[in-house]
Amino acid sequence: MAGLTGRMSTVVKAKVSKLLDRAEDPAETLDYSYQKQVEQLQNVKKGIADVVTAKKRLQMQETTLKQSVVKLDTQARQAVSAGQEDLARTALERKNVAQTELQGLDTQVTELEEQQQKLTDSEQKLRAKIEAFRTKKEVIKAQYSAAEAQVKISEAATGVGEQMADVGLAMQRAVDKTENMKARADAVSELEAAGTFDDVTALGSGEDDIDRQLKQLSSQPAVDEELAKMKGELEAGAPPTAPAAQIGEHSQAPAEEPASAAADAQPAEDGQA
Amino acid sequence: MIVRVSTEGQYELGDDLRGRLNELDDACQVAVEAGDDPRFKGCYGQLLELIRGEGKELGDDDLRGSDLTLPPPDITLEEAQSEFSGHGLIPD
C-alpha cells in the first residue's frame, strides 16, 4: 500500500521499533513494555485532569457572563426609562457581546465533555490492555525457553507497542483539542479584562478596544431591535425594572414615563410627582 | 490481515479485501494530493465503512500487531497532507 495506510503503517512501525529497541533480552523487553504502558496510563489520567480543569474554568466564565447579561439588561432598562438612549445602547451592545460569548462557551463545554469521554475511554482501553499484557507476560516467561520466548515476546511487545502508540495518539488529539479550547477560554478572559462586560456606569470615554467595536458593528441591528422593544415595553407600562442603580445622575425613572428618544435627555426625575 | 483504525481499534479482515482497500486508499491519496476535501472525506469514509462492515473487531487481550494502520477517523485534509507523513501524528 503506497497511500495513506502505507504511510501511516510506516510511521507507526518506526515508532514501535524505536520504543522496543531500548530493551535487549526477553525479560527486559517485557518489563520495559509493561513499565511504558503504566507511564502511558499516567499520561492519560493527567490528560483527563487537564480537561476537567479546563471545563470547570469555562463553566466559571459562563456563570460570570450570565451575571453580566442580567446586570447589563437591567442597566439598559434603567437607562431607557431615564431617557438615556446612548447609555442604554452601550449596555445592550455589551449584553449582545456577552450573549455571543456565552453561546460559544456553551459549545466549548459540550466539546470538552466529549473530549473527557474520549480520554476516559482511552484510559479504560489502556487499563484492560495493560492487565492482559501483565498476565500474558508471566505466561510467556513461564512457558518458553529463552530462544522461543524471544520470538513470542517480540510479537506480543510489537502488538502492545502499537496499542500504546495508538492510545498515545488518541490522547494527544484529545489534549490538542483541549488546548485549542483553553486558548479560546483565554480570549474570553481577555475580553473580560478589557472591561467588555463591565458595569456601563463605570465606563469612562474612549475605553473601547478595537475588538469590541468590531463586534458592536455586527451586533448593531440586534441592539436597535432590542432597544426599540425595551422602549415599547416601557411605553406600555409593562416592564419589571429592578431597583435603579446610579444611571445618569440619581434618577429612578418610573416606567409610566415615556422615555424620550433624544440621546442626551435629562433624567426623567423632574416628571415625577 | 489485521487493520488498525487509529484511535479506534483493530479489525481482522479477509485477504480478499486487499484489492478493494488498495483502490480506496489510492483514491484517498489522489484526493489528498488534489486538496479535494469533500472527495477525501467521501472515500476515506468508504474505506472506514468497508473495514468496520467486513472486519471482525479484535478484543483487548489480542496482542497481535497490525498489517496496516489507518489514520484516525476524524483526520482533516490538512493533517493528511502534511503531518502524518513525518512525525506529527504518532507521539514518541
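The exercises below, each with a worked solution, deal with chain B of a predicted model and with the contacts between chain B and chain A.

Residues are numbered from 1 along each chain as its sequence is written, and chains are lettered from A and ligands from 1 in the order in which they are written. Because the model is predicted, local features need pLDDT of at least 70 and side-chain atom pairs count only at pLDDT 80 or more, whereas totals for chains, interfaces and linings use all residues; side-chain values use heavy atoms, with hydrogens and water left out.

**Exercise 1. Describe the secondary structure of chain B, and state what share of its residues is buried.**

Step 1. Helices (H or I, at least four residues) and strands (E, at least two) are taken as DSSP runs, numbered from the N terminus. On this basis chain B has three helices and four strands, in the order β-β-α-α-β-β-α from the N terminus.

Step 2. With buried meaning under 20% relative accessible area, exposed over 50% and partly exposed in between (1.4 Å probe, protein chains only), 46% of the 92 residues in chain B are buried.

Step 3. Where contact means heavy atoms within 4.5 Å, 64% of the contacts in chain B between residues at least 6 apart in sequence join residues at least 24 apart.

**Exercise 2. Compare the span of α1(B) with the expected value, and find which residues of the helix are buried.**

Step 1. The expected span is 1.5 Å times one less than the number of residues, so the 17 residues of α1(B), residues 18–34, should span 24 Å, and the end C-alpha atoms are indeed 24 Å apart.

Step 2. The buried residues of α1(B) are B:L21, B:L24, B:D25, B:C28, B:Q29, B:A31 and B:V32. They lie on the same side of α1(B), because they cover an arc of only 165 degrees around the axis, the arc being that of the directions from the helix axis to the C-beta atoms.

Step 3. A general rule bears on this pattern: an α-helix has 3.6 residues a turn, so residues three or four places apart point the same way.

Step 4. On the face turned away from the buried side of α1(B) are the exposed residues B:E23, B:E33 and B:A34, and just after the helix B:G35 takes a positive phi of about 70 degrees.

**Exercise 3. Characterise the interface of chain B and chain A.**

Step 1. In this interface 46 residues of chain B are in contact with 34 residues of chain A. The buried area, which is the accessible area (1.4 Å probe) that two parts lose on being put together, summed over both, is about 3,300 Å², with 54% of it on carbon and sulfur atoms.

Step 2. Two salt bridges are counted between the chains, each a side-chain nitrogen of Lys or Arg within 4 Å of a carboxyl oxygen of Asp or Glu. One of them joins A:D166 and B:R4, with the closest N and O atoms 3.2 Å apart.

Step 3. Among the elements that give two or more residues to the side of chain B that touches chain A are β1 (2–5), β2 (9–12) and α2 (37–54), while α1(B) gives the most, with eight residues.

**Exercise 4. Locate B:G65 and list its contacts beyond its sequence neighbours.**

Step 1. B:G65 is in the loop between β3 (56–57) and β4 of chain B, and is partly exposed, with a relative accessible area of 26%.

Step 2. Leaving aside neighbours within four places in sequence, B:G65 is in contact with A:G159, A:E162, B:I2 and B:Q10.
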